[in-house]
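Subject: Structure for your review

Dear colleague,

Please find below the structure that I agreed to pass on to you. My notes on its salt bridges and its domains follow.

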Amino acid sequence: MPLLTRMLNAPLSIDVRRGAVAALGELLADKRIATEGRVAIAVGQGQGDHIAEHVRPSLSACEVFQVEGGTVDAAVGLAGRLRGGTFEAVVGIGGGRTIDATKYAATLSGIPMVSVATNLSHDGICSPVASLEHDKGKGSFGVVMPLAMVVDLDYVHTAPDRLVRAGIGDVVSNFSAVDDWLLAADECGERVDRMALTVARTAAEALLHQPGSIESDRFLTVLAEGLVLSGMAMSFAGDSRPASGGDHEILHAIDQLYPGTANHGELAGIGAAFCYHLRATRLDGGGAGAGDTAGERLAEILACLGRHGLPRFPADVGLTEEQFAEAVLYAPRTRPGRYTILEHLGLDKGETLKAVEEYVQAHGG
């Protein structure tokens, strides 16, 4: 008998609006996530403590834990404290690092997690992946997707503009990721989950030409929903394929070779733009994202990044062309087994530097 339907993992609730945090206790009770109010609240530095005090009145038996950064050690430490209690759920409140650490801790301790995002820097706010620092750099770890997602726009408006804008780069990089996925299907026979691909690409399309800026509630809502959809696409696919291609290989390489250069979303945007430059100038045969189509997409991405004040060239994040080329050459080592435009072209050191120089010269870096 043919399979006519399938079950897809998705949050029980997604609440993006002003004042959403005030209804957190009601959400937990209504969705039967925490009916007795025994909730752990994990907060990072910044707005987390303030929000935790805001939600305390609606949670009768909550306990607040401080998360010391987005590291594996911090997440494991939090997991130990969660296992030492009798919590029904854990609520991670803060930016990407706090939420990633909380997702990992919740997965280790076997309790559901609710994500309360105070900024929109990347799609980790609602994804089955946690990006955490460890002794050898930064790695990505599979985790359970948050059971519910809250974005209070009042708090997002008070977050640093640079962190909020960064999420734009992460969503837009979905274009590069899905074209890499299709390329892997054509060249290697890799299975493509068309539902996951459609969701990821739709999130990027919705944001690419969205009018307004991060000062607008309407724009922030589209950005937040785009990040959530990217996370859901990864959950549908069972891995990060729909939102992570050569673009993310480049950003992970920069993180490893030149730590502290820029944040995740900023580097994802540059990585996506450069990957489309490679497609437009070096990919033959009319494959996904080849030729004129890639050139058109590159122009759209560069215009979007520029419109929102995001970096577009190596110098914008303090890297020389030689350093960026070194990261591009190193990038495939960050995701062994993943096939992207970088693996497909297999450029050597000289060819890679030439491509970077051409990209900067052609687009006004």
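A salt bridge is taken here as a side-chain nitrogen of Lys or Arg within 4 Å of a carboxyl oxygen of Asp or Glu. By that rule, the count in this structure, which is a predicted model, comes to 11 salt bridges.

Salt bridges

Arg18 pairs with Asp217, and their closest N and O atoms are 2.7 Å apart. Arg18 is in the loop between strand S1 (13–17) and helix H1 (24–30), while Asp217 belongs to helix H9 (residues 217–237), so this salt bridge ties together parts that are 199 residues apart in sequence. Both partners are partly exposed: Arg18 has a relative accessible area of 44%, and Asp217 has a relative accessibility of 27%. The pair also belongs to a network of salt bridges that links Arg18, Asp154 and Asp217.

A further salt bridge joins the side chains of Glu300 and Arg297, at 2.9 Å from N to O. These two residues are both in helix H12 (residues 291–307), three residues apart, which is about one turn of the helix. Glu300 is partly exposed at 28% relative accessibility, whereas Arg297 is buried, with a relative accessible area of 17%.

Arg38 and Glu36 likewise meet through their side chains, with an N to O distance of 3.0 Å. Arg38 counts as partly exposed, its relative accessibility being 26%.

Domains and their interface

The domain assignment divides the chain into domain 1 (13–158) and domain 2 (166–281 + 292–364). Their C-alpha centres lie 27 Å apart, and the contact takes 20 residues from domain 1 and 25 residues from domain 2. Between them the two domains bury about 1,800 Å², of which 68% is on carbon and sulfur atoms.

How many salt bridges and polar contacts are counted between domain 1 and domain 2? The count is one salt bridge, together with six residue pairs in polar contact. On the side of domain 1 that touches domain 2, at least two residues each are supplied by S1, strand S7 (137–142), strand S8 (148–152) and helix H5 (153–158). Helix H5 gives the largest share of that side, three residues. The residues on this side of domain 1 comprise 12 nonpolar, five polar and three charged.

Yours sincerely

Terms used: Residues are numbered from 1 along each chain as its sequence is written. This is a predicted model: local features need pLDDT of at least 70, side-chain atom pairs count only at pLDDT 80 or more; totals for chains, interfaces and linings use all residues. Side-chain values use heavy atoms; hydrogens and water are left out. Helices (H or I, at least four residues) and strands (E, at least two) are DSSP runs, numbered from the N terminus. Buried means under 20% relative accessible area, exposed over 50%, partly exposed in between (1.4 Å probe, protein chains only). Domain bounds come from an automatic or database domain assignment. Contact means heavy atoms within 4.5 Å. Buried area is the accessible area (1.4 Å probe) that two parts lose on being put together, summed over both. A polar contact is a pair of N or O atoms within 3.5 Å; within protein, one must be able to donate a hydrogen and the other to accept it, and residues adjacent in sequence count only if both atoms are side-chain atoms. Ala, Val, Leu, Ile, Met, Phe, Trp, Tyr, Cys and Pro count as nonpolar, Asp, Glu, Lys and Arg as charged, and the others, Gly among them, as polar.
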